[in-house]
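Colleague: I would like to go through this structure with you, from its helices and strands to its core and its charged pairs. Could you begin with the terms on which the assignments rest?

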Amino acid sequence: MKEALTEGGIVEAHCLEDASKVGSTWIGDWRIYLRSGDQAALLVNQRTLQPREFKTIVGLISLGVELGLTTVGVPLKKGEKATWTHGAETSPQS
């Protein structure tokens with residue numbers, strides 16, 4: 001995914017459940033898609049091939065940092081998505 005992103009691919013973080021604060025942690029439900037040209041791929045768990053779901057904002061941002069991003073947009077409302085690309089700022093979209 002990191003290589004595809006550096007070669008012009010687009011990563012989208014889709015919010016499946018509104019984020020909420022529990023104690024000092026923000027939780028929610030997000031899935032990640034990689035778009036390259038007219039194709040899209042869902043990030044899945046390597047062992048089970050089930051969709052990889054992120055349950056905390058910290059986990060979602062950690063993925064973005066691992067992909068080499070310096071700005072990681074996080075959609076907070078169900079149905080929103082944030083687009084992650086190299087060299088561009090991100091913002092949530094409906």
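Modeller: Helices (H or I, at least four residues) and strands (E, at least two) are DSSP runs, numbered from the N terminus. Please note that the model is a predicted one.

Colleague: In which element does Thr6 lie?

Modeller: The element that holds Thr6 covers residues 2–6. Under the numbering from the N terminus, that run is helix 1.

Colleague: Which backbone oxygen does the side chain of Thr6 reach?

Modeller: The side chain of Thr6 comes to 2.8 Å from a backbone oxygen. A polar contact requires N or O atoms within 3.5 Å. The residue that supplies the oxygen is Glu3.

Colleague: How many Å apart in space are Thr6 and Thr70, C-alpha to C-alpha?

Modeller: Along the sequence, Thr6 and Thr70 are 64 residues apart. In space, their C-alpha to C-alpha separation is 13 Å.

Colleague: Let us turn to the nonpolar core. Which residues of the largest nonpolar core touch the most other members?

Modeller: In soluble globular proteins, nonpolar side chains tend to be buried together. Here the largest nonpolar core has 18 residues. Those touching the most other members are Val11, Trp30, Ile32, Leu60 and Trp84.

Colleague: Which element gives the most residues to this core?

Modeller: Two or more residues come from each of strand 1 (10–22), strand 2 (25–36), helix 2 (57–66) and strand 5 (81–84). With 4 residues, the element that gives the most is strand 1.

Colleague: With which residues is Leu60 in contact, leaving aside its neighbours within four places in sequence?

Modeller: Leu60 is one of the core residues that touch the most other members. Contact here calls for heavy atoms within 4.5 Å. Leaving aside neighbours within four places in sequence, the partners of Leu60 are Ala13, Trp30, Ile32, Phe54, Val72, Val74 and Trp84.

Colleague: Now to the charged side chains. How far apart are the closest N and O atoms of the salt bridge between Asp29 and Lys55?

Modeller: The structure holds 5 salt bridges. Asp29 and Lys55 form one of them, and this pair links strand 2 with strand 4 (residues 53–56) across 26 residues. The closest N and O atoms of Asp29 and Lys55 are separated by 3.4 Å.

Colleague: Is Asp29 buried or exposed?

Modeller: Buried residues have under 20% relative accessible area. Asp29 has 9%, whereas its partner Lys55 is partly exposed at 45%. Because its value is 9%, Asp29 counts as buried.

Colleague: What residues does Asp29 touch, not counting those up to four places away in sequence?

Modeller: Asp29 is placed in strand 2. Among the residues that Asp29 touches is Lys55, to which a polar contact of 3.4 Å also joins its side chain. Not counting residues up to four places away in sequence, Asp29 touches His14, Cys15, Leu16, Glu17, Glu53, Phe54 and Lys55.

Colleague: Which parts does the pair of Arg31 and Glu53 tie together?

Modeller: The side chains of Arg31 and Glu53 meet in a salt bridge of 2.6 Å, N to O. The two residues are 22 apart in sequence, so their pairing ties together strand 2 and strand 4.

Colleague: Which residues do salt bridges with shared partners join into one network?

Modeller: Glu53, partly exposed at 25% relative accessibility, pairs with Arg31, partly exposed at 23%. Glu53 also meets Lys55 in a salt bridge (3.4 Å, N to O). Shared partners thus put into one network Asp29, Arg31, Glu53 and Lys55.

Colleague: On the surface, which residues make the nonpolar patch of about 240 Å²?

Modeller: Patch members need over 30% relative accessible area. Leu49 has 61% and counts as exposed. The patch of about 240 Å² is made by Leu42, Val44 and Leu49.

Colleague: What is the phi of Leu49?

Modeller: Leu49 lies in the loop between strand 3 (39–42) and strand 4. Although Leu49 is not a glycine, its phi is positive, at about 60 degrees.

Colleague: Finally, by how many Å are the C-alpha atoms of Ser36 and Glu17 separated?

Modeller: Ser36 lies in strand 2 and is partly exposed, with a relative accessible area of 45%. Ser36 and Glu17 are 19 residues apart along the chain. Their C-alpha atoms are separated by 25 Å.

Note on methods:
Residues are numbered from 1 along each chain as its sequence is written. This is a predicted model: local features need pLDDT of at least 70, side-chain atom pairs count only at pLDDT 80 or more; totals for chains, interfaces and linings use all residues. Side-chain values use heavy atoms; hydrogens and water are left out. A nonpolar core is a set of buried Ala, Val, Leu, Ile, Met, Phe, Trp, Tyr and Cys residues joined through side-chain atoms within 4.5 Å. Buried means under 20% relative accessible area, exposed over 50%, partly exposed in between (1.4 Å probe, protein chains only). A salt bridge is a side-chain nitrogen of Lys or Arg within 4 Å of a carboxyl oxygen of Asp or Glu. Patches are made of residues with over 30% relative accessible area and no salt bridge: like charges are joined within 9 Å, nonpolar side chains (Val, Leu, Ile, Met, Phe, Trp, Tyr) within 5 Å. Accessible areas come from the Shrake-Rupley method with a 1.4 Å probe; for residues, only the protein chains shown count as cover. A polar contact is a pair of N or O atoms within 3.5 Å; within protein, one must be able to donate a hydrogen and the other to accept it, and residues adjacent in sequence count only if both atoms are side-chain atoms.
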